[in-house]
Amino acid sequence: MTEKSNHKIVVRMAPSPTGNLHIGTARATLFNYLFAKKNGGKFILRIEDTDKERSKKEFEDNILSGLEWLGLTFDEFFRQSERTEIYVNYVKKMIEEGSAYISKEEPKEEGQRSEVVRFKNPNKKIVFNDLIRGEVSFDTTELGDFVIAKSPEEPLYHLAVVVDDLEMGVTHVLRGEDHISNTPRQILIQEAIEAPRPVYAHLPLILDSERKKLSKRKHGEVVWVDTYKKEGYLPEALLNYFALLGWNPGTDEEIFSLEKLVKAFDISKVHKGGAIFDVKKLRWVNKEHLKLNKEKIEEEIKNKLKDKFRRDIHPKLVEVVFERIEVISDIDKLTDSGELDYFFNTPEVDTLKLAWKNSTTDEAKRNLNDILPILDNFDAIKKLAEERGQGDVLWPLRFALSGRERSPDPFTLIEILGHEESQRRIKNVT
RNA sequence: GGCCCUAUCGUCUAUCGGUUAGGACACAAGCUUUUCAAGCUUGGAAGCCGGGUUCGAUUCCCGGUAGGGUCACCA
């Protein structure tokens, strides 16, 4: 009956398809994945869809495609809705053996049954060892005879989890800290059906800036992996950042590929306390990964600019954009805000702003006129700037070319715009 | 409220009793082709409180406080 396995270590991630892939789920999946890979173990993905009302296929699809995008592959896949007979057998067996019983109820809400299956609580103290937290103890008396199935044919969460972990040979349960209070219930059921107790490790939670659990109800799309995918974060950057939330390698190293994470990962270094999700640091991590993939990203920038401006794109402009982005969607922000327009269309230049600090517009124009003949000789321009003052020469030049108070330096601009266009723009203002 | 968990710069964190308490993000200043971006350098910034244990506690123990999680015929 038990599915035999050659793997010493078997872990599983068990999301329920009641919402899009949550970043907390993604991180817990990452930790399971790392733990499995690190130890040559098996990683199972199990969709916990026993709740027919709330479970949706679209959410399952979203979870699966999100995990695939992140590169978190699994060795085996199960769906609890396809395993009902297995649970039914256990429920029946438990009733026969007296560890569970059918209980008459008075329905308090719509849809509630007048008969449910309750677990016969032995009311004992449960002590379990948590890989992250050490010894944790609960008195289960306060749990009462909790419900394990709506009917023998409709198992509920705790029963299904324990049965599946047994059947699938799960040795280690790594999950969010929000499950820590579920553990005593599940251990009670394990003992009733004589299942071995897996090793537990309860991961710290990802918190919002208020130090509260990041929930789908309260935070909406910021908790979806999809959101970050759409904004153009790199999957490895996201993984890298998730790993750093509650774990560190014990060195100063912060940038990791998935492969390097597997090598460095050590569950005993996982923290106990929750960690606040900081988008700024995520963006920084993403930028570091952008640099690791510079060629690929520059290609993407080039194509995006080409689409937007329908013109050939100077490689130097690609560099300029690359320097200014942390995530891919920043490219759109740059193009849509008009910040790049002067590279493609002659800007309107406010000649009143042509002069640097205390110097006059006339001086600025004189300098520009003197630059005209040496436009292609950057060394000569620099020399002139040294003689007449850097700001007095370079500012008007840059301003004449861009029409903006902020832009790349004048030499970069000349390179991108080309000799003719640069000359034309200077003449326009002198 | 019961039960459980947690507690170092604003944030993520290092420290396995003795350190000028280190790094990163963010922030500020300076430098670079006196703007912007990037880069480099520098700076400010932390052990929740009170008791123990100890020659010595951020570190170990107890209490308090604060924060969080969880208390379904959801998962």
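In this predicted model, helix α11, spanning residues 294–309, packs against helix α12, residues 315–324, at an angle of about 110°, and their axes lie 9 Å apart. Angles of 65 to 115 degrees count as roughly perpendicular, and α11 and α12 are therefore roughly perpendicular to each other. The handedness of the crossing of α11 and α12 is right-handed.

The residues that form this contact can be located on both helices. From α11 come I297, E298, I301 and K302, and these meet V318, V321 and F322 of α12. By residue class, the contact of α11 with α12 comprises 5 nonpolar residues and 2 charged ones, with no polar residue taking part.

The helix pair belongs to a chain with both kinds of secondary structure: chain A contains 18 helices and 13 strands. The overall dimensions of chain A can be described in two ways. Its C-alpha trace spans about 100 × 45 × 35 Å along the principal axes. The radius of gyration of chain A is 31 Å, whereas a compact globule of 430 residues would have a value near 22 Å.

Burial and contact range complete the description. Of the 430 residues in chain A, 34% count as buried, a class that requires 20 or more other C-beta atoms within 10 Å of a residue's own. As for contacts in chain A between residues at least 6 apart in sequence, 73% of them join residues at least 24 apart.

Technical notes. Residues are numbered from 1 along each chain as its sequence is written. Chains are lettered from A and ligands numbered from 1 in the order in which they are written. This is a predicted model: local features need pLDDT of at least 70, side-chain atom pairs count only at pLDDT 80 or more; totals for chains, interfaces and linings use all residues. Axes are lines fitted to C-alpha atoms, for helices over the stretch in contact, and angles run from 0 to 180 degrees between N-to-C directions. Helices (H or I, at least four residues) and strands (E, at least two) are DSSP runs, numbered from the N terminus. Angles under 35 degrees count as roughly parallel, over 145 as roughly antiparallel, 65 to 115 as roughly perpendicular and the rest as oblique. A crossing is left-handed if the near helix is turned anticlockwise from the far one by less than a right angle, and right-handed if clockwise. Two residues are in contact if their C-beta atoms, placed from the backbone, lie within 7 Å. Ala, Val, Leu, Ile, Met, Phe, Trp, Tyr, Cys and Pro count as nonpolar, Asp, Glu, Lys and Arg as charged, and the others, Gly among them, as polar. The radius of gyration is taken over C-alpha atoms; the globule rule is 2.2 Å times the number of residues to the power 0.38. A residue is buried if 20 or more other C-beta atoms lie within 10 Å of its own, exposed if 12 or fewer, and partly exposed in between; C-beta atoms are placed from the backbone.
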